[in-house]
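Got the viewer open and a selection box ready? Here's a quick walk through this model, stop by stop.

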Amino acid sequence: MSSTESSTEKRVTGTSERREQIIQRLRQQGSVQVNDLSLLYGVSTVTIRNDLAFLEKQGIAVRAYGGALICDGNTPGLEPSVEDKSSLNTAVKRSIAQAAANLIKPGHRIILDSGTTTYEIARMLRQHTDVIAMTNGMNVANALLEAEGVELLMTGGHLRRQSQSFYGDQAEQSLQNYHFDLLFLGVDAIDTDRGVSTHNEDEARLNRKMCEVAERIIVVTDSSKFNRSSLHKIIDTPRIDMIITDEGIPAESLQELQRSGIEVVRVKE
């Protein structure tokens, strides 16, 4: 960004004008950071979070730790890349990933869904042995190349380049003759009443197939995804065996999940 552009944006005083410029930045970059916007516009982080909450209600953005991502369905050609998503909440994702990796023992057969949190799990498996892992994520598979004790299986299928994930009939059919011990599932949204959901229909369908062939379903997600719902439902909440998240999970969600018999593991950043 040039100094001229920065000065122009800092002169913005109206809420509507500031939010319009945030929308433009989302469309250009795919994601924004609260602290960056606070400095850019000379307003508090609380004000920026209110702006992002407003844009989320309008269906323009999805909030995440430390910032927001543009909605997949809003401008499909500008869907945030894996690199954009990886830049948000990295420390929390790695803490979640470490807790997940600790559950994986020799002899386990696992599925790692595509995504940035499951990518971090894959990076934690370099010292594991006698594990078979199937994934539909190209980034996850690349991380597993360094895990010599992990046998790697790929679903195949059609590639969504922006998310580096495979989907489609071939991907779904590749799962049907297997049985897995653990599924580590990343999600876009989770609501105790509406279940687990995602923005993309093809990924939701593949995720449902993953759930069918796994003994235990473990959702890995940061707390910003709670009390939200996306368009395409994956499964009902009671089907989840465990959720690994951070300490920011809303108290009501935590209580409801525990009442349903779902084990909730909370990690520190």
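Start by selecting 90-101, which is helix α6. In this predicted model, α6 lies across β9 (180-186), β12, β14 and β15, and against β14 the helix runs at about 150°.

Next, show the sheet itself. Seven strands make it up, in the order β6-β5-β4-β9-β12-β14-β15, and the sheet is open with parallel pairing. Which strands stand at the edges? Pick 150-154 for β6 and 263-267 for β15: each has a single partner strand, so one side of each is left without a neighbour in the sheet. Look along the sheet and you can follow the twist, which averages 20° from one strand to the next.

Zoom in on one pair: β12 (residues 214-220) and β14 (residues 242-246). These strands run parallel, with three bridges joining them. Click V220 and you'll find I244 of β14 standing opposite.

Now for the packing. Select L175, L183, I240 and I243: these have the most contacts inside the largest nonpolar core, a set of 30 residues. To colour the elements that give two or more residues to this core, take β5 (131-135), β9, α10 (201-212), β12, β13 (232-235) and α11 (251-259). Among these, α10 gives the largest share, four residues. Stay on L175 and show what surrounds this residue: beyond four places in sequence, L175 touches I111, M134, F180, L206, K209, M210 and V213.

There's a second, separate core to visit, with 26 residues. Select V92, A99, I110 and I121, which are included in this second core.

From there, hop to E120 in helix α7 (residues 116-123). Is E120 buried or exposed? At 7% relative accessibility, under the 20% cut-off, E120 counts as buried. The E120 side chain makes a polar contact with the side chain of R123, at 2.9 Å. Farther off in sequence than four places, E120 touches T90, K93, R94 and A97; bring back your first selection, 90-101, to see them against α6.

Last stop: T155, in the loop between β6 and β7 (158-160). This loop residue is buried too, with a relative accessible area of 3%. What is T155 in contact with? Leaving out neighbours within four places in sequence, display M134, T135, N136, F166, Q170, A171 and S174. One of these, M134, should look familiar, since L175 touches M134 as well.

Note on methods:
Residues numbered from 1 in each chain as written. Predicted model: local features only at pLDDT ≥ 70, side-chain atom pairs only at ≥ 80, totals over all residues. Heavy atoms only, no water. Pairing = 2+ DSSP bridges. Axes fitted to C-alpha atoms, helices over the stretch in contact; angles between N-to-C directions. Contact = heavy atoms within 4.5 Å. Buried < 20%, exposed > 50% of the residue type's maximum accessible area, 1.4 Å probe, protein only. Polar contact = N/O pair within 3.5 Å; in protein donor to acceptor, adjacent residues only side chain to side chain. Core = buried A, V, L, I, M, F, W, Y, C linked by side-chain atoms within 4.5 Å.
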